[in-house]
Amino acid sequence: MADQNKFKKVIAHAKEYGYIFQSSEIYDGLSAVYDYGQNGVELKKNIREFWWQAMVQMNENIVGLDAAIFMHPTTWKASGHVDAFNDPLIDNKDSKKRYRADVLIEDYVAKLEAKIEKEVKKAAKRFGDAFDKAEFLATNGRVKQYKEKGDAILKRMGKSLENEDLADVKALIEELEIACPLSGSRNWTDVKQFNLMFGTKLGASAESAMDLYLRPETAQGIFVNFLNVQKSGRMKIPFGIAQTGKAFRNEIVARQFIFRMREFEQMEMQFFVRPGEELKWYESWKEKRLKWHLALGLGADNYRFHDHDKLAHYANAAADIEFKFPFGFKELEGIHSRTNFDLSSHQKFSGKKVQYFDHELGESYVPYVVETSIGLDRMFLAVFSNALQDETLEDGSTRTVLKLPAVLAPVKAAVLPLVKKDGLPEVARKIIADLKFDFTMAYDEKDAIGRRYRRQDANGTPFCITVDHDTLNDNTVTIRHRDTMQQDRVKITDLKALISEKVALRYWLEKC
Ligand code: ATP
């Protein structure tokens, strides 16, 4: 599948199978806001659960939190969001389209990367088995030129953004001769900063109403509760607080389905450490988080780290875990060494001490923080787009199959009576009545069995259990595996163990 087509297919499939709908579609939709349907809500819940268990249940020194979306407005002064949570925007005067200036430049660099990939492919074909990719990347003149050019562009952009030199960001766009993808023109406005926070009001009367923001990240709920959790949980540094929940950003450009939404969900963990130890923990969390991703089996080649040139105002080191989405490698998760910026700032703005007494050192300090922050919706898109495949089978026919990791699949097993009579539906219902205590189950008796298998394949159901006439005599059924399409004859009483083996969280958590 060509990548553009693949992305279109992902969006269409997500709608057709009840995973994702455009918000308020009946009123022509709301831009960059989406609803999760009957299957989407299950997949999303399972991803969240897999993250939560890996972070909270598997780590003695990480606990959870569920802070409110509304927070005292001073929170956002202290965090720097009121003054600095901006994106640089630029308008094309001919198409009247608005863009993020940094994204235009990053897309230019992505094109250079695509050229490198093309060269690599060509060379791999030419040299065959003797091809050494690392050596090729290090020695090929043209590839080195592309790489150096890309690095230099990103470095300059990073510096200019850090220094708020928006004129240079525009100059860079002009020097690179970047054109509006829509109009093809290079008729740009100046670059301006745009604050991404949504404002709202709390209170009944206009005079007494208080201006609030919808939180743009969940992290601040953790920081302002640092002492509450540390004291009530008698937590000792190093320890972490994990939270999942909605965040809101008035994104300038939001055209990539659930990759960039205006209302989305984050899964964040703030890990509090001794000053001076933060970079050690930063490296360790980079590694642990990548391992969590790899455990799902989406393919190691689909991930890469990207170390930031431009650091946020609070960070002394930052990296993204990027994933190969249908539209290329993009950020999936951020790992940030946030220093003691947030806690110090809340201490200053609240006038209350936010410190930890370290008994071993015999001193008090404001802890340093390493954050892992992943978008649940982006993770959903990574899993879903990776899983969707068109396969040509041995007999030449094709099938669409959603190869979701079994632990995440919305429905774990479907029970299908071969025919709608002779007592087979009753046996099927009985199997479901038993297994539904352990797994999400589905029942389907409509259409020929082959079509029902295809329907479950497209829905991502890892197992189909078929009840036939032999079942009535020997209490055995056929269990069909989604990915291999292999069919085994098994006892009804063995079903629970067989399914459990593949869908139990334990099996997947052990790989993290
Ligand atoms: P980007 O550069 O893509 O705008 P970011 O660096 O601003 O992302 P962070 O503030 O680090 O993102 O947020 C942490 C994570 O939250 C991101 O890695 C991403 O998975 C997710 N995320 C951020 N913004 C959005 C959004 N608008 N829609 C969906 N997920 C988002």
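The questions below look at the ligand site and at one helix of a predicted model.

Local features in this predicted model need pLDDT of at least 70, side-chain atom pairs count only at pLDDT 80 or more, and totals for chains, interfaces and linings use all residues. Residues are numbered from 1 along each chain as its sequence is written, and side-chain values use heavy atoms, with hydrogens and water left out.

Q: Which element gives the largest share of the shell around the ligand?
A: A residue counts as near the ligand if one of its heavy atoms lies within 4 Å of it, and 16 residues are around the ligand. Helices (H or I, at least four residues) and strands (E, at least two) are DSSP runs, numbered from the N terminus. With 5 residues, the largest share of the shell comes from β13.

Q: How far is a nitrogen atom of the ligand from an N or O atom in the side chain of E251?
A: E251 is among the residues that come nearest to the ligand. A polar contact with the ligand is a pair of N or O atoms within 3.5 Å. For the ligand nitrogen atom and the side chain of E251, the distance is 2.8 Å.

Q: Where do the buried residues of helix α17 lie around its axis, on the same side or on opposite sides?
A: Buried means under 20% relative accessible area, found with a 1.4 Å probe and protein chains only, and in α17 (residues 495-503) the buried residues are L495, I499 and V503. Because they cover an arc of only 40 degrees, taken from the directions from the helix axis to the C-beta atoms, they lie on the same side.

Technical notes: Buried means under 20% relative accessible area, exposed over 50%, partly exposed in between (1.4 Å probe, protein chains only). A polar contact is a pair of N or O atoms within 3.5 Å; within protein, one must be able to donate a hydrogen and the other to accept it, and residues adjacent in sequence count only if both atoms are side-chain atoms.
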